[in-house]
Structures are given as C-alpha cells and as structure tokens.
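Let's walk through this one together, starting with the whole chain and finishing at a single residue.

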Amino acid sequence: MMEILFFGRLGEQFGRKVEIDPPGESWTVAEIREALCRRSELFREALSKPGVRACVDQVMAPDHLPVRRGQEVAFIPLLSGG
C-alpha cells in the first residue's frame with residue numbers, strides 16, 4: 001500500500017490521507033493522480049483543477065516523475081493571496 005497525503009482544502013474534503021495499492025514498484029505522479037480520480041467524481045473534480053500540485057518527498061513534482069513505494073506523496077492546492 002502507498003499512503004497519499006492531502007493538505008489545505010483537499011485535506012478538509014478527503015481527510016489527511018488515503019491508501020492506494022500501486023500495481024508495481026514504481027508509478028508516475030500522473031498515474032497516482034489518475035488512480036485517485038477513478039475512485040470518485042469528487043476526487044476527479046478536485047485533483048483536476050490546475051492549482052493542485054503534487055509533491056514527492058516534500059518537493060514539488062512534475063507528472064512524469066516516477067514514485068516508488070515508501071516515498072511520501074502529497075497533493076496540495078496552491079493558494080492565492082489578496
């Protein structure tokens with residue numbers, strides 16, 4: 001199993017973390033995002049917004065980045081100030 005963390009409004013909506021079962025030793029960030037989106041329309045709607053970024057081991061990560069079991073993966077909505 002792989003834990004996926006959520007922060008900000010995503011954490012409020014989905015809880016602090018969910019677990020997914022990756023099919024192999026390595027997935028890309030995009031594949032993780034898509035697996036979450038297949039869970040429900042709420043995930044799809046929230047994670048498809050352009051302001052939602054993925055972090056791997058606390059560093060912003062592009063969608064093509066491979067992720068291995070044991071790495072920390074989090075989704076964070078970017079904030080805008082006023």
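What follows goes from the fold to the overall dimensions, then to the surface and charges, and last to one leucine.

First, a reminder that this is a predicted model. Its chain has three helices and seven strands. If you trace them along the sequence, the order reads β-α-β-β-α-α-β-β-β-β.

Now for the dimensions. Along the principal axes, the C-alpha atoms take up a box of roughly 40 × 25 × 20 Å. The radius of gyration is 12 Å, and since a compact globule of 82 residues would come out near 12 Å, the chain agrees with that expectation. How much of the chain is buried? Of its 82 residues, 37% fall in that class. As for who touches whom, take the contacts with a separation of 6 or more: 53% of them join residues 24 or more positions apart.

Turning to the outside, the chain exposes about 5,000 Å², with carbon and sulfur atoms supplying 52% of that area. On the charge side, there are 11 positive and 12 negative side chains, and the centres of these two sets sit 3 Å apart.

Finally, zoom in on Leu 79, which you'll find in the segment after strand 7, itself spanning 73-77. Is this leucine buried or exposed? Leu 79 has a relative accessible area of 80%, and because the cut-off for exposed is over 50%, Leu 79 counts as exposed. Its C-alpha atom is 9.9 Å from that of Arg 9, although the two residues are 70 apart along the chain.

Terms used
Residues numbered from 1 in each chain as written. Heavy atoms only, no water. Helix = DSSP H or I, 4+ residues; strand = E, 2+ residues; numbered from the N terminus. Buried < 20%, exposed > 50% of the residue type's maximum accessible area, 1.4 Å probe, protein only. Rg over C-alpha atoms; globule rule 2.2 N^0.38 Å. Contact = heavy atoms within 4.5 Å. Areas by Shrake-Rupley, 256 points an atom, 1.4 Å probe, with all protein chains shown as cover. Lys, Arg positive; Asp, Glu negative; His and termini not counted. Charge placed at Lys NZ, Arg CZ, Asp CG, Glu CD.
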